[in-house]
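Trainee: I have a new structure open and no idea where to begin. Can you walk me through it?
Mentor: Put it on the screen and we will go through it.

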Amino acid sequence: MPRRPKGSDPSPSPLGDQEQFERSLLEVETSLADLKERYAQVQQDKQRQAELQERLDEIKKEQKLSQQRQLQVELRRIKEELDTIELNLESRLFSWDSLKEPFWQAVRFAGLGIVVGWILKSCAG
């Protein structure tokens, strides 16, 4: 039977694997909780946006009937809140983290394509 050098174990430590698995599981759970929170916020913002849009339509109809200063102030406030909600929705759904991996893959494969092109050109010419 061949002897193994000291300190080399062909199978990884079960305790180390378990700790790594638990750490990975915790990261996944955290990511899932963040995703659920963002989804709930998006749903809440969409619902609030629909409510405000309905109120905006009502105010426009009322404004046609009577030009009251109070309705104009409320209309302005609702428009500002709608703009804020739209900005919030856009910023929640679009972040650098969501583009980081596709960006680096594009850089990697574009670079690989250039190298392959140079090699083919040098072989052909």
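Mentor: One definition to start with: buried means under 20% relative accessible area, exposed means over 50%, and partly exposed is in between. Arg48, with a relative accessible area of 33%, is therefore partly exposed. Keep in mind that this is a predicted model.

Trainee: What is the average pLDDT of the chain?
Mentor: The chain averages 80, and 79% of the residues score at least 70.

Trainee: And where is confidence lowest and where is it highest?
Mentor: Confidence is lowest in helix 2, residues 69-93, with a mean of 82. It is highest in helix 1, with 87.

Trainee: Back to Arg48. Which residue in helix 2 does Arg48 pair with?
Mentor: Arg48 forms a salt bridge with Glu81, at 3.3 Å from N to O. Arg48 lies in helix 1 and Glu81 in helix 2, so this pair ties together parts that are 33 residues apart in sequence. Glu81 is partly exposed, at a relative accessible area of 24%.

Trainee: Why would two such side chains pair at all?
Mentor: Side chains of opposite charge can pair when their charged atoms come close.

Trainee: What about Glu51, which residue does that one bridge to?
Mentor: Glu51 bridges to Arg48 as well, with the closest N and O atoms 3.6 Å apart. Glu51 and Arg48 are three residues apart in helix 1, which means that about one helical turn separates them. Glu51 is partly exposed, with a relative accessible area of 39%.

Trainee: So which residues are in that network of salt bridges?
Mentor: Arg48, Glu51, Arg77 and Glu81 are linked in it.

Trainee: How many salt bridges are there by this rule?
Mentor: The count is five. One of the salt bridges joins Arg55 and Glu74, at 3.2 Å from N to O. That pair links distant parts of the chain, with Arg55 in helix 1 and Glu74 in helix 2, 19 residues apart. Arg55 is partly exposed at 25% relative accessible area, and Glu74 is partly exposed at 22%.

Trainee: Different topic. Is Leu52 buried or exposed?
Mentor: Leu52 is buried, with a relative accessible area of 4%. Leu52 sits in helix 1.

Trainee: What does Leu52 touch, leaving out residues up to four places away in sequence?
Mentor: Leu52 touches Ile78, Glu81, Leu82 and Ile85. You have met Glu81 already, as the salt-bridge partner of Arg48.

Trainee: And how far apart are Leu52 and Leu75?
Mentor: They are 23 residues apart in sequence and 9.8 Å apart in space, from C-alpha to C-alpha.

Trainee: I also clicked on Asp45. Buried or exposed?
Mentor: Asp45 has a relative accessibility of 8%, so it counts as buried. Asp45 is part of helix 1, residues 14-65.

Trainee: Which residues does Asp45 touch, with the same neighbours left out?
Mentor: Asp45 touches Ile85, Asn88 and Leu89. Ile85 is also among the residues that Leu52 touches.

Trainee: Last one, the surface. Which residues make the nonpolar patch?
Mentor: Phe109, Leu112, Val116 and Leu120 make a nonpolar surface patch of about 400 Å². Leu120 is found in helix 3, residues 96-124.

Trainee: Is Leu120 buried or exposed?
Mentor: Leu120 is exposed, with a relative accessible area of 57%.

Technical notes: Residues are numbered from 1 along each chain as its sequence is written. Side-chain values use heavy atoms; hydrogens and water are left out. Helices (H or I, at least four residues) and strands (E, at least two) are DSSP runs, numbered from the N terminus. Buried means under 20% relative accessible area, exposed over 50%, partly exposed in between (1.4 Å probe, protein chains only). Contact means heavy atoms within 4.5 Å. pLDDT is the predictor's confidence in each residue, from 0 to 100. A salt bridge is a side-chain nitrogen of Lys or Arg within 4 Å of a carboxyl oxygen of Asp or Glu. Patches are made of residues with over 30% relative accessible area and no salt bridge: like charges are joined within 9 Å, nonpolar side chains (Val, Leu, Ile, Met, Phe, Trp, Tyr) within 5 Å. Accessible areas come from the Shrake-Rupley method with a 1.4 Å probe; for residues, only the protein chains shown count as cover.
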